[in-house]
Amino acid sequence: MRKFLQRLLSAWIIRMSNKFGSRPNRKRIHAALNKLYKTISSNPGKRGPIFEVTDTDKFIIFSDQHKGARDYADDFALAEKNYLKALEYYHLQDFHYINLGDSEELWENLLESVIKHNKATFEAEKAFISKKHFTKIFGNHDLYWDNDPLAGFNLNRIYGTKIPIYEGLILRMPMGGNKFDIFLTHGHQGDLQSDGNWFSKWFVSTIWAPLQSYLQINPNTPAYDNQLKTVHNALMYDWIMTQKNIALITGHTHQPVFASLTHLERIYIKLNKAKDEKNADDVAFYNAELTKRIKAGDKAPIFGKYKPGYFNSGCCCFSDGDITGIEIDNGFIRLIKWSYHRNAVPERVLLEEMKLSELPDLNLFFG
């Protein structure tokens, strides 16, 4: 029956996905981000909170775990060990954990299967709740949390309490006599499939996604299409260029971005510097990093002259088990990864960092 339905419906599903799905569109993305930021800024609460932040506050931002059922399609399985070790570390260090969406892969799995096979990770997340250090944002692959009548009941089953689920949040901090906002959201804004009205979001999470899963049809989305994800990141950056005293952190594309440059671009910069300095060890190291990232499907847009206000947390489901995230701590913002190193023990690796005070209206040149 499945093969028959595949032949019958595949062309139609792909055509509809291309028409209404994740194709990046500047006007839609900008309108959606403007609306959400304005809503949270003027009326914090239902769609997202505002946290007044000082240098003593610490945040870790992870996104895109895509927790599955530990089957062949579970992208999170290899990363689980790194993820658990990272959460243990940040819990002990009193970080506030912001889960930036697509934490659960509910387009390919039933919720019951995800709950059954991810008890350890849910318990690790639950540990932050008792300290009031946990904020959960929904993405397009876990829209369920935003629109299903049973979402609250199931959140209570998982975490022991019905935690609020938000579309975004703002970290607001004093800077140079003014207020500076870091706006966080998953990043699927502007996607007609998953960022439309209540009915369209319900239809995607309850009907459309399970149908695609059953038929094993996976039209391209930013997470899997290299060209789409670079275009999507560029449009997110384009929005920041229209703003003042705002930085933006998203997930969604699975492509880490730090201060408006992808991690891949920064490796190229460091490689060129190592070549200029004739540092053979660094040249070998960065060449190896390039090979690793290119194999992972990363592809870098070149922004040219740029304003370092856009960040992307990457994902927690890289094919080698690595996870990436964004730290905000002690007046710094950092891109980090957790990776298996000596004796296959997960270790935190600092990739990039800069002072938060360098963000407002700072323009640099890449080239």
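In strand E7, Asn 178 is the bridge partner of Met 175. That pair is a handy way into this predicted model, since it sits where two neighbouring strands meet. Strand E6 (residues 168-175) and E7 pair in the antiparallel sense, and eight bridges hold the match. Together E6 and E7 make a hairpin, with just two residues between them. One residue in the turn, Gly 176, has a positive phi of about 60 degrees.

E7 has another partner too. Strand E8 (residues 246-250) is joined to E7 by four bridges, and here the two run parallel. Asp 181 gives a concrete example: its bridge partner in E8 is Ile 246. As for its surroundings, E7 (residues 178-185) has six buried residues out of eight, so the strand is largely enclosed by the rest of the structure.

Zooming out for a moment, the protein has eleven helices and 16 strands. Of its 367 residues, 55% are buried. What about contacts along the chain? Taking the contacts with a separation of 6 or more, 74% are between residues 24 or more positions apart. On the outside, about 16,500 Å² is exposed, and carbon and sulfur atoms supply 55% of that area.

Next comes an open sheet of seven strands, in the order E5-E4-E3-E2-E13-E14-E15, with mixed pairing. Its edge strands are E5 (165-166) and E15 (346-355), each of which pairs on one side only. Further in, strand E2 (residues 58-62) and E3 run parallel and are joined by four bridges. On the other side of E2 in the strand order, strand E13 (residues 323-329) is also joined to E2 by four bridges, but these two run antiparallel. Ile 61 takes part in both pairings: its bridge partner is Ile 98 in E3, and in E13 it is Ile 326.

Ile 98 carries the story onward. E3 and strand E4 (residues 134-137) run parallel, with three bridges between them, and in E4 the bridge partner of Ile 98 is Thr 135. The chain's route from E2 to E3 can be described as well: E2, helix H3 (residues 80-92) and E3 make a right-handed β-α-β unit.

Which way do the side chains of E3 point? In a regular strand, side chains alternate between the two faces of the sheet. Strand E3 (residues 96-99) shows this pattern, with His 96 and Ile 98 pointing one way and Tyr 97 and Asn 99 the other way. All four are buried, whichever way they point.

Helix H2 (residues 26-42) makes a nice contrast in layout. With 17 residues at 1.5 Å a residue, H2 should span 24 Å, and its end C-alpha atoms are 24 Å apart, so the expectation and the model agree. The buried residues of H2 are Ile 29, His 30, Ala 32, Leu 33, Leu 36, Tyr 37 and Ile 40. These cover an arc of only 165 degrees around the axis, which means they lie on the same side of H2. The spacing fits a simple rule: an α-helix has 3.6 residues a turn, so residues three or four places apart point the same way. Turned away from that buried side is a face carrying the exposed residues Lys 27, Lys 35, Lys 38 and Ser 42.

Note on methods. Residues are numbered from 1 along each chain as its sequence is written. This is a predicted model: local features need pLDDT of at least 70, side-chain atom pairs count only at pLDDT 80 or more; totals for chains, interfaces and linings use all residues. Side-chain values use heavy atoms; hydrogens and water are left out. Buried means under 20% relative accessible area, exposed over 50%, partly exposed in between (1.4 Å probe, protein chains only). Contact means heavy atoms within 4.5 Å. Accessible areas come from the Shrake-Rupley method with a 1.4 Å probe; for residues, only the protein chains shown count as cover. Two strands pair if DSSP finds at least two bridges between them. The expected span of a helix is 1.5 Å times one less than its number of residues. The arc is that of the directions from the helix axis to the C-beta atoms. A crossover is right-handed if, with the strands pointing away from the viewer, the path from the first strand over the helix to the second runs clockwise.
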